[in-house]
Amino acid sequence: MTNPDASLAKGCRTSDDRAVTLASDADGLHVMTADSSAAYAWKSVTTLAEPGMNADLWVGNYCLTDRSHAVVVYAPRAFTNKEELMERGAFTAVVDLDTGAATKLPVTASLAYFDPSCDTVTHTAVVTQIKDDQTKLVSISAQGRPTAVATVQGEVTSATPTAGGLVGALDHRVVRIAASGATTTLATTDYVPYGMHPDADGVVVFLDQTAKSQHAKRIHGGKVGVLATGGLSSLGLTEGAGGQVFLSGRPTSTAALPAHVRKVTAQASADVSTRGALAVTSAATAAVDAQLADPGSPPAADAAGRVRVQAQVTATGHAVTFDAAAGATGDQAAAQGNAVSPSLAAPQSATAKAAAGSASPNVVTSPSGDTTAPDRYCSITRNDPHQQALQPTPNQVEWAVDMAIRGDLTSTWVTQGGRRTTEGIGTANPQGTVALPPLTGGGRIPAAVLLGVLARESNLWQAEGGVIPGQTGNPLASTNGYYGHPAGSDLGLGYWVINWENSDCGYGVGQITDGMRLASHPKGSVPALPAAQQKDIALDYTFNIAKAAQMLAGKWNELHAAGQKMTINDDSASKIENWFAAVWNYNEGYNTPGSDASGNWGLGWYGNPANPIYKSTRLAFLDTTLDAAANSDAAHPQDWPYQERVLGFAAWSIDTTRSYSSDGTQDAPGAAGFSSAGFSPAWWPGGSPGTGDLNRQNVKPPLATFCTQAGNACSVSSPPTCETNGQHDATCDPPHWWHRANTTWKPDCVNTCGQETLKYATLRTELLERVHQLAPNARIALLGYPLLFDTSAVECADPAGDTDQIAAWGAYMNSDLQTAVAQSNTAGKAVFWAPTAEFSGHLLCDGSPGLHGFTKTPSSDVASDPQWSVTAPSSIESYHPNDNGAGYYAAALMHVLGNIS
């Protein structure tokens with residue numbers, strides 16, 4: 001900020017106000033602070049990560065116990081894809097905001113939006129662990145140590161400490177929670193209460209809502225009072241220093257507020273500073289900030305290692321922007337932030353053991369000394385130099401997807417030999433090995449949907465993070481899936497003990513799990529794939545994408561089978577929204593009719609948009625047209641169910657921070673054509689200005705779409721609060737499985753639903769990309785076909801048939817090749833040339849042709865085979881250059897080479 005005193009509130013230099021926020025990247029979760037006395041000059045006090053744990057992005061949440069201490073929950077973004085990781089697998093730490101010292105705690109937590117929660121009066125915190133129909137609440141003392149564990153039957157959300165003990169949301173009630181786990185109702189609400197904070201009087205302030213309005217409420221003297229009312233998603237509550245609670249957003253009406261509740265001018269989703277003077281709306285690297293707002297625009301040239309903080313001065317409402325360096329500022333802070341969490345070790349204290357639960361007898365307490373883990377259950381090992389995966393460029397992933405959805409990702413188009421031979425892959429024929437099934441009802445997978453799945457699963461990576469495109473490294477294998485966490489029924493510390501029996505073995509860009517365990521250790525009734533196919537899927541992105549396409553098509557077909565059909569909108573496979581249920585099925589699986597004794601069946605409750613584990617006030621994932629801060633949605637994906645994130649990526653793409661031309665060349669920032677958007681997003685029709693944006697925003701269904709009394713015994717004002725960890729709890733989850741024959745939120749889907757953008761509409765090979773990767777300075781000349789016949793002249797006789805058709809085929813192939821080269825030629829290293837001029841006057845039927853005509857393969861004994869001219873196959877010389885034609889091609893080649901820089 002160039003002139004802070006002119007932009008900030010008067011008196012800020014004498015205030016002790018402090019703003020805190022989190023910024024995410026692949027290095028870790030940066031804990032950022034800014035003090036009013038220093039004109040809110042931002043700095044990163046520490047960066048939290050776990051060594052050796054690969055992540056494209058570290059995400060998390062925080063709360064403040066006082067001005068100087070934050071409790072932080074953090075984990076790789078991929079944890080939000082797995083129910084057990086989302087609900088209890090994240091790491092925890094207490095950060096000293098003055099020194100940057102980070103104390104990692106021996107307890108895990110959920111990544112839900114409400115975790116952790118603090119009381120700035122008692123200086124305590126609570127973190128939440130959810131498993132099955134049980135919730136464990138772990139209290140953190142003012143000294144930053146786990147002190148007690150309360151176990152509650154049912155799913156408790158938005159739990160918070162208060163002077164009188166823990167308070168949380170259970171069903172549509174605010175409840176007091178005793179140390180024993182027993183609950184006492186304090187208030188009944190319209191919806192599952194959320195945004196719960198204690199004020200300086202120990203009184204709970206919270207948010208509630210109906211189908212059309214949102215309310216800020218306060219419990220005092222056994223009664224519930226309404227403090228403010230607004231439209232849905234219009235109100236926010238945050239806690240400041242000393243028990244001050246800030247009401248933010250756009251209330252339509254506000255009552256007289258008590259002394260410890262204060263209205264501030266800020267967005268409802270903002271992080272408000274300790275004294276309420278500054279509201280942070282987003283914190284992201286400058287590259288991510290610019291690219292997600294406009295996927296086609298280049299980021300600032302100096303964006304690397306920088307964090308851009310967008311905020312609002314609450315006294316004036318003015319928007320302000322700050323830039324800061326990412327990364328811890330001291331060696332000690334950096335070391336502590338990257339130290340191994342005690343959650344990755346065995347339990348030590350009695351409290352930790354209580355949080356962890358009993359150990360499973362099948363747990364392996366440490367990996368073998370062999371780096372390839374010979375005792376593993378997953379088929380392809382990590383850390384084996386002989387089994388390394390190529391990291392593809394985003395362009396290669398998009399090319400493979402565009403080919404795969406049409407069933408053309410085959411040996412005809414996939415480059416053979418080279419690296420693939422070294423890896424022992426042999427003939428690379430992905431969809432010859434892993435066939436794409438036809439979709440029931442016709443059509444095919446939209447490219448943007450499959451790309452959205454891959455973006456959500458892996459950030460478009462086949463190899464581990466840190467491996468740059470064009471290089472090889474360990475195949476990307478999910479940490480949880482490879483090492484078999486969680487162990488038995490453990491929570492807390494025991495969660496991260498290795499347990500090979502639980503390995504689900506997700507590999508590569510599609511995180512393929514089914515059939516990827518060793519044949520000697522299959523998972524349940526799922527047989528292991530052939531060993532050669534397992535290797536192909538783990539090491540080669542084309543096979544992996546072929547398998548992902550096969551699985552996604554299978555999930556669509558499963559929902560279209562007789563007796564269990566479930567469709568979305570008009571059921572056209574070409575429309576983006578109509579894949580909502582199939583993508584839900586891809587992640588969570590499907591409970592078929594007969595799987596529950598009570599007759600329940602359908603899509604599970606965990607991924608239901610109405611599940612209160614997700615923010616009910618959320619907008620569409622990554623939608624910057626409604627929320628200017630939505631470019632930071634990727635830093636807290638835990639607020640959205642899986643399928644909403646996938647369709648958000650399909651609608652707005654993913655930022656990869658790098659730009660590559662189609663031939664594999666990395667583009668410099670600011671270069672012509674620079675775009676770090678991972679792929680071409682889908683598009684939405686609109687007959688008038690803004691209509692297309694509105695239709696795109698509504699890629700996210702209304703909250704009540706999959707929550708009805710008739711459909712799954714669900715009320716959006718009081719949704720079920722049960723979780724099942726995939727075990728389908730017999731008393732809670734099954735009645736809420738979704739299985740309506742048709743679900744519609746876009747009745748005019750043909751005019752309002754999204755459609756794919758097919759970047760590689762022309763079928764093409766990997767050849768140019770691969771040649772350029774192997775020889776980046778090589779000049780590539782791709783020569784086309786002569787037209788064979790002069791179609792303007794009198795047609796000459798030819799045994800093969802119509803000469804006009806043959807000439808038209810040549811023209812078509814030249815156009816096809818020219819398009820392919822144009823799509824890969826931004827680096828100027830490849831040029832296409834059709835040798836039309838060189839062969840002019842030397843076509844078939846001309847006086848001195850440079851081409852063979854249609855010829856037959858001669859018989860070895862013409863005398864004994866008088867019919868050879870009829871029965872023999874055509875010769876490979878047919879329509880190929882003769883000796884003279886080779887000279888004409890040489891002239892064309894010299895012309896091309898003279899025009900390549």
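**Figure 1. Helices H6 and H9 in contact.** Val-397, Glu-398, Val-401 and Asp-402 of helix H6 meet Ala-447, Leu-450, Leu-451 and Leu-454 of helix H9. The view is taken from a predicted model. Two packed helices are described by the angle between their axes and by the distance between those axes. Here the axes of H6 (residues 394-404) and H9 (residues 447-458) come within 9 Å and cross at roughly 135 degrees. This angle makes H6 oblique to H9. The crossing in which H6 passes H9 is right-handed. In an α-helix there are 3.6 residues a turn, so residues three or four places apart point the same way.

**Figure 2. Helix H11 and its packing partners.** Helix H11 spans residues 531-539, and its buried residues are Gln-533, Gln-534, Asp-536, Ile-537, Ala-538 and Leu-539. These buried residues pack against one strand, E28 (389-390). They also pack against helix H7 (419-422), helix H8 (430-433) and helix H12 (541-558).

**Figure 3. The open sheet E4-E5-E6-E7.** Four strands, in the order E4-E5-E6-E7, form an open sheet with antiparallel pairing. Strand E4 (58-66) and strand E7 (102-104) stand at its edges; each has a single partner strand, so one side of each is left without a neighbour in the sheet. On average, neighbouring strands of this sheet are turned by 25 degrees against each other, direction ignored. Strand E6 (residues 91-96) runs antiparallel to E7, and 3 bridges join the two. Within this pairing, Ala-93 has Lys-104 of E7 as its bridge partner. In general, the strands of a sheet pair through backbone hydrogen bonds, in either a parallel or an antiparallel manner.

**Figure 4. The open sheet E8-E9-E10-E11.** This view presents an open sheet of 4 strands, ordered E8-E9-E10-E11 and paired in the antiparallel sense. Its edge strands are E8 (117-119) and E11 (146-153), each of which pairs on one side only. From one strand to the next, the twist averages 20 degrees. Strand E9 (residues 124-131) and strand E10 (residues 134-140) run antiparallel and are joined by 7 bridges. One of the residues to locate is Ala-125, whose bridge partner in E10 is Ile-140.

**Figure 5. The hairpin of strands E16 and E17.** Strand E16 covers residues 194-198, and 5 of its 5 residues are buried, so the strand is largely enclosed by the rest of the structure. E16 pairs with strand E17 (residues 204-209) in the antiparallel sense over 3 bridges. The bridge partner of His-197 is Val-205 in E17. Between the two strands of the hairpin there are 5 residues, and Gly-202 takes a positive phi near 80 degrees.

**Figure 6. The whole chain, as a setting for the close-up views.** The chain contains 21 helices and 35 strands. Of its 901 residues, 56% are buried. Among contacts in the chain with a separation of 6 or more, 62% are between residues 24 or more positions apart. The accessible surface of the chain comes to about 33200 Å², and carbon and sulfur atoms account for 53% of this surface.

Methods
Residues are numbered from 1 along each chain as its sequence is written. This is a predicted model: local features need pLDDT of at least 70, side-chain atom pairs count only at pLDDT 80 or more; totals for chains, interfaces and linings use all residues. Side-chain values use heavy atoms; hydrogens and water are left out. Buried means under 20% relative accessible area, exposed over 50%, partly exposed in between (1.4 Å probe, protein chains only). Two strands pair if DSSP finds at least two bridges between them. Axes are lines fitted to C-alpha atoms, for helices over the stretch in contact, and angles run from 0 to 180 degrees between N-to-C directions. Contact means heavy atoms within 4.5 Å. Accessible areas come from the Shrake-Rupley method with a 1.4 Å probe; for residues, only the protein chains shown count as cover. Angles under 35 degrees count as roughly parallel, over 145 as roughly antiparallel, 65 to 115 as roughly perpendicular and the rest as oblique. A crossing is left-handed if the near helix is turned anticlockwise from the far one by less than a right angle, and right-handed if clockwise.
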